[in-house]
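Colleague: I'd like a close look at one part of this model, please. Pick a single helix, tell me how it sits, and then follow the chain onward from its end.

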Amino acid sequence: MKVRVAVDAMGGDNAPVEIVKGAVDAVLARKDIEVILVGIEDRVKKELSNYTYPQEQIRVVHASEIIATEEPPVMAIRKKKDSSIVVAMNLVKHGEADAFVSAGSSGAILVGGQLLVGRIKGIERPPLAPVIPTEKGVSLLIDCGANVDARPSHLVQFAKMGSIYMENVVGIKNPKVAIVNIGAEEEKGNALVKETFPLLKNCPDINFIGSIEAREIPSGYADVIVCEAFVGNVILKLYEGVGSTFKRMIKQGLMSTAISKVGALLVQSAIKKTLKAFDASEYGGAPLLGLNGLVVKTHGSSKAKEIKNSIIQCVAFKEQQINEKIKQNIIIEE
């Protein structure tokens, strides 16, 4: 049984070239995936003609419109019914696809996810949850962009959904959950953190270990990092910026003198392996958890590798029945 992934072929800075390449790379890597490329048919098929791939694993669905990043999301979703985002999300809504992947407008994807795909009954707000690299492997940052004005009950649900995702998709048993704070003490933090902390502490469904300061995140101190979207987005962007700057500085340092260049040759493989672990594109996109179908948002600047990995991550989500497990866990709140 193939996992069917609808991919927005027109979304992102590098569409459709990198999107199509990523889709081809995904089906070449996995036989259990069917990719449905949604976009302007002649442009998508022109790109596909550059590759050799299993024909039965990729098909094209025409969508005549594109939602630009600067368009008001709600208006765009309602007016552009034949856009690649709306058409692809409707495939998920009607059960013709198991998941949706896009590098397009974040706002339109968040709005479309709730209006078209719809929330699981009992879920108050769906969070965006990217996996970020750490010293010990990866952690889940939840929420990183969907709910700027979250309430304590939202953060509790984020913690529960994040735990389910990390245990079943990433394979971390009894994942450690922490809330982002400015200190370790329980009485510290803003009003939201102070009100949420005791709720998480008394939640029997998660392994809550208390507060986490931003400097502790890269060490892998927690597996699930809970916060509202403003804080999460700042953490994510700083994380990405420091990571890319760090890589550039290492390369510049290694190439600065003749002796350092010789040293670089000796440690080249070790450095490549280490830097690869901190490459965000290795981990795919950010799932929008708590919807009736899987929606994955990737970076607007995504290249083929991130698109490929975003498509492949949909397989584990489907196989591990993440939505069914979320429904079982949240039902007690209804």
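Modeller: Buried here means under 20% relative accessible area, exposed means over 50%, and partly exposed is in between (1.4 Å probe, protein chains only). This is a predicted model, so to speak of a local feature I need pLDDT of at least 70, and 80 or more for side-chain atom pairs, while totals for chains, interfaces and linings use all residues. Residues count from 1 along each chain as its sequence is written, and side-chain values use heavy atoms, without hydrogens or water.

The helix I'd pick is α4, residues 84–93 (helices are DSSP runs of H or I, at least four residues; strands are E, at least two; both are numbered from the N terminus). Eight of its ten residues are buried, so α4 is largely enclosed by the rest of the structure. Start at Ser 84 and you can read off a run of buried positions: Ser 84 itself, then Ile 85, Val 86, Val 87, Ala 88 and Met 89. Further along α4, Leu 91 and Val 92 are buried as well.

Now step off the end. Gly 95 follows α4, and its phi is positive, near 80°. Keep walking and you reach Asp 98, in the loop between α4 and β4 (99–102). What does the side chain of Asp 98 meet? It makes a salt bridge with the side chain of Arg 4, at 3.2 Å from N to O. Since Arg 4 belongs to strand β1 (residues 3–8), the pair ties together parts that are 94 residues apart in sequence. By salt bridge I mean a side-chain nitrogen of Lys or Arg within 4 Å of a carboxyl oxygen of Asp or Glu.

Buried or exposed, then, for these two partners? Asp 98 has 15% relative accessibility and so counts as buried, whereas Arg 4, at 24%, is partly exposed. There is a third member to look for too: Lys 318 joins Arg 4 and Asp 98 in a network of salt bridges.

By that rule the count comes to twelve salt bridges, and a couple of others are worth clicking on. Glu 124 pairs with Arg 151, their closest N and O atoms being 3.4 Å apart. Here two loops are involved: Glu 124 is in the one between α5 (106–117) and β5 (131–134), and Arg 151 is in the one between β6 (137–142) and α6 (152–170), so this pair ties together parts 27 residues apart in sequence. Both ends show some surface: Glu 124 is partly exposed at 26% relative accessibility, and Arg 151 is partly exposed at 47%. Then there's Arg 215, whose side chain meets that of Glu 213 in a salt bridge of 3.6 Å, N to O. Arg 215 is exposed, with a relative accessible area of 68%.

For one more buried spot away from α4, try Ala 178 in strand β7 (residues 176–180). Its relative accessible area is 0%, so Ala 178 is buried. If you want to draw a ruler line from there, go to Lys 31: the two are 147 residues apart in sequence, and their C-alpha atoms are 37 Å apart in space.
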